[in-house]
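Visitor: I'm new to reading protein structures. Could you walk me through this one?

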Amino acid sequence: LLLNEVEQGLAWVDERTNTMDGTALAREYLRTMAAMTVAHAMMGQSSSSLSKREKDAMLMIGLGSGALPFFMETHFKNAFEMETVEHDPVVVEAIERTCFNNK
């Protein structure tokens, strides 16, 4: 995703529906960030208790392609209370069209 001449990241988008695939992360650093976030949340807990406990707060600075927040929401919405901050309205508009289908 290239917006304002700055690479925002990489995400898979279904060309038929123009929606982002929230089931996969294209970049290794995003997979690492997701894995470390979940691992940190689970430290000292059984794997079955992750969905039963109080949600951890997660703040993401910069939306980029939206791949990481969309992935985390797709897989871990019951484990984390997530908020993402983005200052560029062009980035926000592009992600709203692909992740949330203009909602």
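## A guided tour

Guide: Happily! Keep in mind that this is a predicted model. The protein chain contains 3 helices and 6 strands.

Visitor: In what order do the elements of the protein chain run from the N terminus on?

Guide: Let's start at the N terminus and write β for a strand and α for a helix. Read that way, the order is β-β-β-β-α-β-α-β-α.

Visitor: Which element gives the largest share of the largest nonpolar core?

Guide: That core has 15 residues, and Leu25, Ala34, Leu68, Met72 and Phe80 touch the most other members. The elements giving two or more residues to this core are helix H1 (28–42), strand E5 (56–61) and helix H2 (67–76). With 5 residues, the largest share comes from H2.

Visitor: Which residues is Phe80 in contact with, leaving aside its neighbours within four places in sequence?

Guide: Phe80 is one of the core residues that touch the most other members. Once those sequence neighbours are set aside, the contacts of Phe80 are Thr37, Val38, Ala41, Lys55, Asp56, Met58 and Met72.

Visitor: Is Ser65 buried or exposed?

Guide: Ser65 sits in the loop between E5 and H2. A polar atom of the Ser65 side chain lies 3.3 Å from the backbone nitrogen of Ala67. The relative accessible area of Ser65 is 5%, and the cut-off for burial is under 20%, so Ser65 is buried.

Visitor: And what percentage of the residues in the protein chain is buried?

Guide: The protein chain exposes about 6,900 Å², with carbon and sulfur atoms supplying 54% of that area. Of the 103 residues in the chain, the buried portion is 33%.

Terms used:
Residues are numbered from 1 along each chain as its sequence is written. This is a predicted model: local features need pLDDT of at least 70, side-chain atom pairs count only at pLDDT 80 or more; totals for chains, interfaces and linings use all residues. Side-chain values use heavy atoms; hydrogens and water are left out. A nonpolar core is a set of buried Ala, Val, Leu, Ile, Met, Phe, Trp, Tyr and Cys residues joined through side-chain atoms within 4.5 Å. Buried means under 20% relative accessible area, exposed over 50%, partly exposed in between (1.4 Å probe, protein chains only). Helices (H or I, at least four residues) and strands (E, at least two) are DSSP runs, numbered from the N terminus. Contact means heavy atoms within 4.5 Å. Accessible areas come from the Shrake-Rupley method with a 1.4 Å probe; for residues, only the protein chains shown count as cover. A polar contact is a pair of N or O atoms within 3.5 Å; within protein, one must be able to donate a hydrogen and the other to accept it, and residues adjacent in sequence count only if both atoms are side-chain atoms.
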